[in-house]
Amino acid sequence: MFSLILHGRRSLELQKWRNLRTSVSILQNAFALSNSFSSAYTGDVSLRGNALTVSYLVKSLGLTTTLAESISRKVSFEDNVNPDSVLKLLKSHGFNDSQISKIITAYPRLLITDAEKSLGPKLQILKSRGGSKSELTEIVSTVPKILGKKGEKSISLYYDFIKDIMHDDGKSSKYEKLGHSWPEGKKGNRIRNIWLLRELGVPHKLLFPLLISSAQPICGKEKFEETVKKVVDMGFDPTKSKFVEALHVVYEMSDKTVEEKVAVYKRLGFSEDDIWAIFKKWPFFLKFSEKKIMQMFETLKKCGLVEEEVLAVLKTRPQCIGASEKKILDSIETFLSLGFSRDEFTMILKGYPQCTAYSAQMIKKKFKFLVKKMNWSLEDVVLVPPVLGYSLEKRIVPRCNVIKALMSKGLMGSENPPISSVLLCTDQGFLNRYVMKHDKLVPELMAIFTGDRVS
């Protein structure tokens with residue numbers, strides 16, 4: 001496919017690729033869209049603060065331990081004074097527990113924001129914009145990072161615009177009405193562009209992070225409109241997140257850069273169809289430098305993969321290209337320390353490339369439960385590596401508790417059923433297979449399954 005681009009031949013989809021625009025810094029923009037946490041407030045935290053943060057998030061907000069641990073790696077505190085003040089302030093403005101949990105999950109830095117000097121005044125500004133208390137809580141819980149904006153004018157501008165979008169009934173053209181009062185420059189462009197995307201059908205959950213972010217494409221004007229047309233013509237669905245990702249890539253990449261990246265991938269053995277398919281799956285795949293691409297190719301070879309297998313892994317999980325060599329090599333050491341051989345790790349990697357993205361702590365935690373507690377063998381995990389991607393709290397533990405209950409009652413013999421039979425099926429499939437057939441035990445087994453408790 002891309003050879004047609006490079007040689008100037010006629011092809012509708014391929015010609016669209018000629019116009020791609022992105023910069024080498026696109027990954028930074030990608031994270032601005034997909035991750036609510038900013039590196040501006042990450043850093044080393046004390047073990048004490050980390051443990052306290054996890055405990056606080058679980059007890060005060062009802063978050064799962066896994067989610068709380070993830071948040072604690074981004075923001076931490078060593079006492080409850082400020083977090084308590086923040087939660088108390090939010091409740092005083094009418095936010096319920098569910099909304100507060102949602103806000104903190106999306107914008108955890110709020111817990112270390114000065115409640116009296118910063119958060120309080122911002123909530124008063126939003127309250128002064130009119131509307132009901134329920135409207136305020138709805139908007140803020142939908143777009144928590146609006147509380148990170150500075151200045152009354154800026155906060156008010158974005159709040160009013162979000163309110164207009166959320167409550168627009170489609171009967172009047174607010175685009176024209178708002179246009180007369182939009183500010184000049186980047187803020188005006190941002191609001192105008194968000195409205196354009198809204199008219200295309202981009203959902204609120206994708207629109208609002210764009211409105212709050214400082215990503216370059218959303219601040220453009222003529223070039224932005226051209227880019228949107230290209231992305232639509234390329235077949236990306238405006239209702240999906242891939243549309244927004246492609247928008248970033250298409251906006252900033254030059255023809256020459258596209259050709260260079262395509263040439264690198266072709267030299268490694270990817271076909272034109274492969275490159276197009278991967279781009280559709282993960283647009284940011286074209287943003288990496290030749291050095292980075294080649295380095296990851298060689299790193300995967302160090303994991304025991306031959307060239308054909310490296311290609312297969314990157315087709316399945318192109319995000320591997322963005323991983324650090326150290327992270328992947330550390331992943332090998334983690335699996336080896338748990339008793340897996342290098343050949344077994346290679347099999348896991350081929351079957352489930354995502355395993356390299358998980359922390360050593362997460363892998364060890366799941367290994368301990370599956371192998372040590374449930375007595376499945378290493379080979380069982382090697383043969384069904386996607387089980388490493390399942391949630392302990394939501395999937396693995398509840399199902400395994402049901403299995404242990406059945407075994408304790410002598411209803412399943414003394415050996416575990418196959419790990420694939422227990423964990424790969426849907427919830428309904430699991431219930432039909434292991435719960436519903438035991439008529440008298442259904443209430444008890446369902447309580448175990450939904451209670452998520454370790455027996």
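Which helix holds Leu123? In this predicted model, Leu123 sits in helix 8, the stretch running from residue 115 to residue 127. Its relative accessible area is 0%, so Leu123 goes down as buried. Looking across to another part of the chain, the C-alpha atoms of Leu123 and Val140 are 9.3 Å apart in space, with their positions 17 residues apart in sequence.

Two other residues can be read in much the same way. Leu423 belongs to helix 25 (residues 419-423) and is buried, again with a relative accessible area of 0%. Its partner here is Pro386: the two are 37 residues apart in sequence, and 9.3 Å separates them C-alpha to C-alpha. Val264, for its part, is in helix 16, which covers residues 255-267. With a relative accessibility of 3%, Val264 falls under the 20% limit and therefore counts as buried. From Val264 to Lys291 is 27 residues along the chain, and their C-alpha atoms are separated by 9.7 Å.

Helix 12 (residues 186-200) brings in a residue with a charged side chain, Arg192. The relative accessible area of Arg192 is 19%, and since buried means under 20%, Arg192 is classed as buried. The side chain of Arg192 also has company: a polar contact of 2.8 Å links it to the side chain of Asn189.

Helix 14 is a good one to look at end to end. It has twelve residues, 222-233, and at 1.5 Å a residue these should span 16 Å; the C-alpha atoms at its ends are 17 Å apart, which agrees. Which residues of helix 14 are buried? They are Phe224, Thr227, Val228, Lys230 and Val231. Viewed down the helix axis, the buried residues of helix 14 fall within an arc of 165°, so they line one face of the helix. Glu222 and Lys229, on the other side of helix 14, are exposed. After the helix comes Gly235, and its phi is positive, near 100°.

Helix 15 (residues 241-252) tells another story, being mostly covered. Of its twelve residues, ten are buried. The list starts with Phe243, Val244, Glu245, Ala246 and Leu247, and carries on through His248, Val249, Val250, Tyr251 and Glu252. Charged residues thus appear in that list, namely Glu245 and Glu252.

Then there is the matter of internal space. How many cavities of 30 Å³ or more does the model contain? The count comes to one, and the largest cavity holds about 30 Å³ of space. Its lining is made up of Phe335, Phe340, Ile363, Lys366, Phe367, Leu370, Val371, Val381 and Leu388. By class, eight of these lining residues are nonpolar, none is polar and one is charged. The charged one is Lys366. Helix 22, spanning residues 360-373, gives the most to the lining, with five residues.

Helix 22 also carries Lys368. Is Lys368 buried or exposed? Its relative accessible area is 59%, and because exposed means over 50%, Lys368 is counted as exposed. The C-alpha atom of Lys368 is separated by 9.2 Å from that of Leu338, a residue 30 positions away along the chain.

Past helix 22, the chain enters the loop that leads to helix 23 (378-383), and Asn375 is found in this loop. Asn375 has a positive phi of about 65°, although it is not a glycine. At 61% relative accessibility, Asn375 counts as exposed. A positive phi turns up at Gly235 too, after helix 14.

Definitions and conventions. Residues numbered from 1 in each chain as written. Predicted model: local features only at pLDDT ≥ 70, side-chain atom pairs only at ≥ 80, totals over all residues. Heavy atoms only, no water. 1 Å grid on protein atoms, 1.4 Å probe; cavity = no way out; pocket = protein on both sides within 12 Å on 5 of 7 lines; lining within 4 Å. Points joined across faces, edges and corners; volume = space filled by probe spheres on them. Helix = DSSP H or I, 4+ residues; strand = E, 2+ residues; numbered from the N terminus. Expected span 1.5 Å × (residues − 1). Buried < 20%, exposed > 50% of the residue type's maximum accessible area, 1.4 Å probe, protein only. Arc of directions from axis to C-beta. Polar contact = N/O pair within 3.5 Å; in protein donor to acceptor, adjacent residues only side chain to side chain.
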